Amino acid sequence: MTDQLVRDNIKRLKPYSSARSEYKGQAAVFLDANESPFDTGYNRYPDPLQQELKEAISAVKGVPPAQIFLGNGSDEAIDLLFRIFCEPGQDYVITLPPTYGMYQVSADIAGVGVREAPLRPGIFQPDPAAVLAQASPQSKLLFICSPNNPTGNSIRMEIMRELLGAFPGIVVVDEAYIDFSSQESALSLLGAFPNLVVLQTFSKAWGLAGIRLGMAFASEAIIAYFNKVKPPYNINQLTQEEALKALKGREAQEATVQQLLGQRALLQQYLGGLPFVQRIYPSDANFLLVKVDSPRAVYDYLAKGGIIVRDRSKVVLCEGCLRVTVGTPAENERLFRSLVSFEEENTNLAS
Ligand SMILES: Cc1ncc(COP(=O)(O)O)c(C=O)c1O
């Protein structure tokens, strides 16, 4: 079913065959890959399909290794989705703004159009009829970010199911923030919908943004296309080792998530008491979208004190909003103290 959505040149593509994927057995002497023979710990190319790491991820996620692709961040998976499915100048994708900016950037790089079906104001849920009104045989990808960046809310499961059932292309559910969410993952829908791709990452809850490791979960057929088009050794050995270490120490990740959820609640409480804060949107992620009286003044004041938040006040449906990542307890306290000073100084100025 998804095969007919794939670009013809990708279907015909004869992928690069690396030395390490041509010979899979055990041997004593490897003279096939023009590597250095001297052991530095890293003189050999890494496993191109990251089998040990995929087994470990499989055990945590309950998805078979053949349904997992690993990328240099989920951003690589997003880029490859365009290359696999979207014919430049002909196909297009649908996004649900306000949302993560890379979908648009990747589309622009690929020369692929973007049509927008904005979320409903205030509740930030998609309007399925409006989304499907934009669909056609050329709409190859629909990006649903859940929990959504920058709004922080999860997209309702019934809406996802409805869109998965009716959308003629691939539905990409970007779950970068899923570990902070009270809603279940869309991974549970993989068996029912062959057009589903779920993206997750080690960059947020795992605390490993620096190693660049993203995951895509999908049908075996879609994952086979990812493997066909990816650069041969896209995940380096250091990254594979660090991720395996993290997966073995999973309790640490769970403790971090719990701590951040506690801090998120505290931050909500802090910010809610400030008179210039108009609204704090409910969050299923590790950040809060906060509507304030004069966003630029607040932003500049914080920046002068060395605290950087994200100004989203010019983003559609986020007018007046700043996006604040949940930090350490000390960082959150510092943020709060700085906001209290901002309030005091402004009240003094006004009186
Ligand atoms: C929704 C969303 N998806 C993906 C990413 C990028 O993830 P990665 O670091 O795995 O490339 C981000 C990063 O901010 C994000 O907000």
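This passage describes the overall architecture, the ligand site and selected local features of a predicted protein model.

Residue numbers start from 1 along each chain as its sequence is written. Because the model is predicted, local features were accepted only at pLDDT of at least 70 and side-chain atom pairs only at pLDDT 80 or more, whereas totals for chains, interfaces and linings use all residues; side-chain values rest on heavy atoms, with hydrogens and water left out.

The protein contains 12 helices and 11 strands, where helices (H or I, at least four residues) and strands (E, at least two) are DSSP runs numbered from the N terminus. The radius of gyration is 22 Å, which agrees with the value near 20 Å for a compact globule of 351 residues; the radius is taken over C-alpha atoms, and the globule rule is 2.2 Å times the number of residues to the power 0.38. Along the principal axes, the C-alpha atoms fill a box of roughly 80 × 50 × 30 Å. Of the 351 residues, 50% count as buried (buried, under 20% relative accessible area; exposed, over 50%; partly exposed, in between; 1.4 Å probe, protein chains only). The accessible surface of the protein amounts to about 16300 Å², and 52% of this surface belongs to carbon and sulfur atoms; accessible areas were obtained by the Shrake-Rupley method with a 1.4 Å probe, and for residues only the protein chains shown count as cover. Among contacts (heavy atoms within 4.5 Å) with a separation of 6 or more, 69% are made by residues 24 or more positions apart.

The ligand is surrounded by 13 residues, of which Ser 74, Asp 174, Tyr 177, Thr 201 and Ser 203 come nearest; a residue is counted as near if one of its heavy atoms lies within 4 Å of the molecule. The shell divides into 4 nonpolar, 5 polar and 4 charged residues. In this classification Ala, Val, Leu, Ile, Met, Phe, Trp, Tyr, Cys and Pro are nonpolar, Asp, Glu, Lys and Arg are charged, and the others, Gly among them, are polar. An N or O atom in the side chain of Tyr 177 is 2.7 Å from an oxygen atom of the ligand. For Thr 201, the separation between a side-chain N or O atom and a ligand oxygen atom is 2.6 Å, and for Ser 203 the corresponding value is 2.6 Å. The protein covers 91% of the 390 Å² of accessible area that the ligand has on its own.

Helix α8 spans residues 220–229, and its buried residues are Ile 222, Ile 223, Tyr 225, Phe 226, Lys 228 and Val 229. The elements covering these buried residues include the helices α1 (8–12) and α4 (74–85), together with the strands β1 (68–71), β5 (170–174), β6 (196–201) and β7 (214–217).

Backbone geometry was examined next. Most residues other than glycine have a negative phi, and most peptide bonds are trans. The peptide bond from Pro 97 to Pro 98 is cis, with omega near 0 degrees, and Pro 98 is placed in the loop between β2 (92–95) and α5 (102–110). Ser 146 and Pro 147 are also joined by a cis peptide bond, with omega about -10 degrees; Pro 147 lies in the loop between β4 (139–145) and α7 (157–166). Gln 50, which is not a glycine, has a positive phi of about 50 degrees. Gln 50 is located in the loop between α2 (19–22) and α3 (51–61) and counts as buried because its relative accessibility is 1%. Phe 124 likewise has a positive phi, of about 55 degrees, in the loop between β3 (113–116) and α6 (128–133). With a relative accessibility of 2%, Phe 124 counts as buried.

Glu 116 belongs to strand β3 and is partly exposed, with a relative accessible area of 44%. The C-alpha atoms of Glu 116 and Thr 95 are 5.1 Å apart, although 21 residues separate the two along the chain. Beyond its neighbours within four places in sequence, Glu 116 is in contact with Thr 95, Pro 97, Gln 104 and Gln 134.

Ser 313 occupies the loop between β10 (310–311) and β11 (321–325). Its relative accessibility is 9%, so Ser 313 counts as buried. The side chains of Ser 313 and Asp 311 are joined by a polar contact of 2.6 Å. A polar contact is a pair of N or O atoms within 3.5 Å; within protein, one must be able to donate a hydrogen and the other to accept it, and residues adjacent in sequence count only if both atoms are side-chain atoms. Not counting residues up to four places away in sequence, Ser 313 touches Pro 295, Cys 318, Glu 319, Gly 320 and Cys 321.
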